[in-house]
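Here are some notes to read alongside the model, written for someone meeting it afresh. Please keep the 3D view open as you go through the points.

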Amino acid sequence: MAHAGRHRGAAAMTSRAVLCLMLALSGGSAGAQAPGPAKIVAPASPELREYAKLPVCTLSADGLRLAVEPCRTAPARKPMPRRPVPQIIQRMPVVKQAPQVAMPAAPPSPSLQTLLNPPNAPKALNNCGPTGCNDANGTHINNAGPGTVISPSGKVCNRNGIWVQC
């Protein structure tokens, strides 16, 4: 049963391909044909001859399916010439450009020393003892309690291990 369904689908695909081939061989474009009755061209290949023998497709009485399968499409009743259509090209709207705004002056660039040692960056401590530690410059920083130290300028700073941040 399943094999028959696949075969019917293949036949339908073949009939569509044959129709396209038949249209291509017969000239296919309505503008190229002369007005008058459509000429029937004898198909050259056996597939086209078989397709030409099929009945023209019509709908069943209920209008929901084809009356006979397989079938071929009906030929055009009369060639449809192309009709001229005026081409309307509208102008693009004029778009005004925004005025140029002067850029604000750039702030003075920080010095290399400030970039390498930002003011609030943590500093490493060394030579720690009961009274305090020395920073990398050798400045003594006094202990103020657990987790806090006092800098030489009197500022209270946070201490975490060997790191201090003011």
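1. Let us begin with proline 70, which sits in the loop between helix 2 and helix 3. This is a predicted model, and in it the peptide bond that leads from glutamate 69 to proline 70 is cis, with omega near -10 degrees. That bond is a good place to start your own look at the backbone.

2. The residue after that proline brings us to the disulfides. How many disulfides does the structure hold? There are two. One of them is formed by cysteine 57 and cysteine 71, with 1.9 Å between the sulfur atoms. The pair links distant parts of the chain, 14 residues apart: cysteine 57 is in the loop between helix 2 (46–53) and helix 3 (112–116), and cysteine 71 is in the loop between helix 2 and helix 3. The link of cysteine 57 and cysteine 71 is right-handed, with 95 degrees about the S-S bond.

3. Is cysteine 71 buried or exposed? Its relative accessibility is 11%, so cysteine 71 counts as buried. Its partner, cysteine 57, has a relative accessible area of 28% and is therefore partly exposed.

4. The other disulfide joins cysteine 128 to cysteine 133, at 2.0 Å from S to S. The link of cysteine 128 and cysteine 133 is right-handed, with 115 degrees about the S-S bond. Cysteine 133 is buried, because its relative accessible area is 1%, whereas cysteine 128 is partly exposed at 39% relative accessibility. For background, a disulfide is a covalent bond between the sulfur atoms of two cysteines.

5. Now for the overall layout. The chain has three helices and six strands. Reading from the N terminus, the elements run α-α-α-β-β-β-β-β-β. Of the 166 residues in the chain, 11% are buried. The chain exposes about 14,500 Å², and carbon and sulfur atoms supply 62% of that area. Among contacts with a separation of 6 or more, 25% come from residues 24 or more positions apart.

6. Which residues make up the largest nonpolar core? They are Leu125, Cys133, Ile141, Val149, Cys157 and Val164, six residues in all. Cysteine 133 was met above as the buried partner in a disulfide with cysteine 128. Valine 149 is a useful residue to centre the view on: setting aside residues up to four places away in sequence, valine 149 touches Ile141, Asn142, Asn143, Ala144, Lys155, Val156, Cys157, Arg159 and Val164.

7. Serine 151 lies in the loop between strand 4 (148–150) and strand 5 (156–160). Where a loop residue might be expected to need a check, the value is clear: serine 151 has a relative accessible area of 12% and so is buried. Beyond its neighbours within four places in sequence, serine 151 is in contact with Ile141 and Cys157, and both of these residues belong to the largest nonpolar core. The side chain of serine 151 also makes a polar contact of 3.1 Å with the side chain of serine 153.

8. Asparagine 134 is found in strand 2 (residues 132–135). With 19% relative accessibility, asparagine 134 counts as buried, because the cut-off is under 20%. Its side chain is joined to that of histidine 140 by a polar contact of 3.2 Å. Not counting residues up to four places away in sequence, asparagine 134 touches Ala124, Leu125, Asn126, Asn127, Thr139 and His140.

9. One of those contacts, asparagine 127, deserves its own point. Asparagine 127 lies in the loop between strand 1 (123–126) and strand 2. Its phi is near 50 degrees, a positive value in a residue other than glycine. Asparagine 127 counts as exposed, because its relative accessibility is 61%.

10. Last comes the pairing of charges. Side chains of opposite charge can pair when their charged atoms come close. The structure holds one salt bridge, in which the side chains of arginine 65 and aspartate 62 meet at 2.7 Å from N to O. Aspartate 62 counts as partly exposed, with 44% relative accessibility.

Note on methods. Residues are numbered from 1 along each chain as its sequence is written. This is a predicted model: local features need pLDDT of at least 70, side-chain atom pairs count only at pLDDT 80 or more; totals for chains, interfaces and linings use all residues. Side-chain values use heavy atoms; hydrogens and water are left out. A disulfide is a pair of cysteine sulfur atoms within 2.5 Å. Helices (H or I, at least four residues) and strands (E, at least two) are DSSP runs, numbered from the N terminus. Buried means under 20% relative accessible area, exposed over 50%, partly exposed in between (1.4 Å probe, protein chains only). A polar contact is a pair of N or O atoms within 3.5 Å; within protein, one must be able to donate a hydrogen and the other to accept it, and residues adjacent in sequence count only if both atoms are side-chain atoms. Contact means heavy atoms within 4.5 Å. A nonpolar core is a set of buried Ala, Val, Leu, Ile, Met, Phe, Trp, Tyr and Cys residues joined through side-chain atoms within 4.5 Å. Accessible areas come from the Shrake-Rupley method with a 1.4 Å probe; for residues, only the protein chains shown count as cover. A salt bridge is a side-chain nitrogen of Lys or Arg within 4 Å of a carboxyl oxygen of Asp or Glu.
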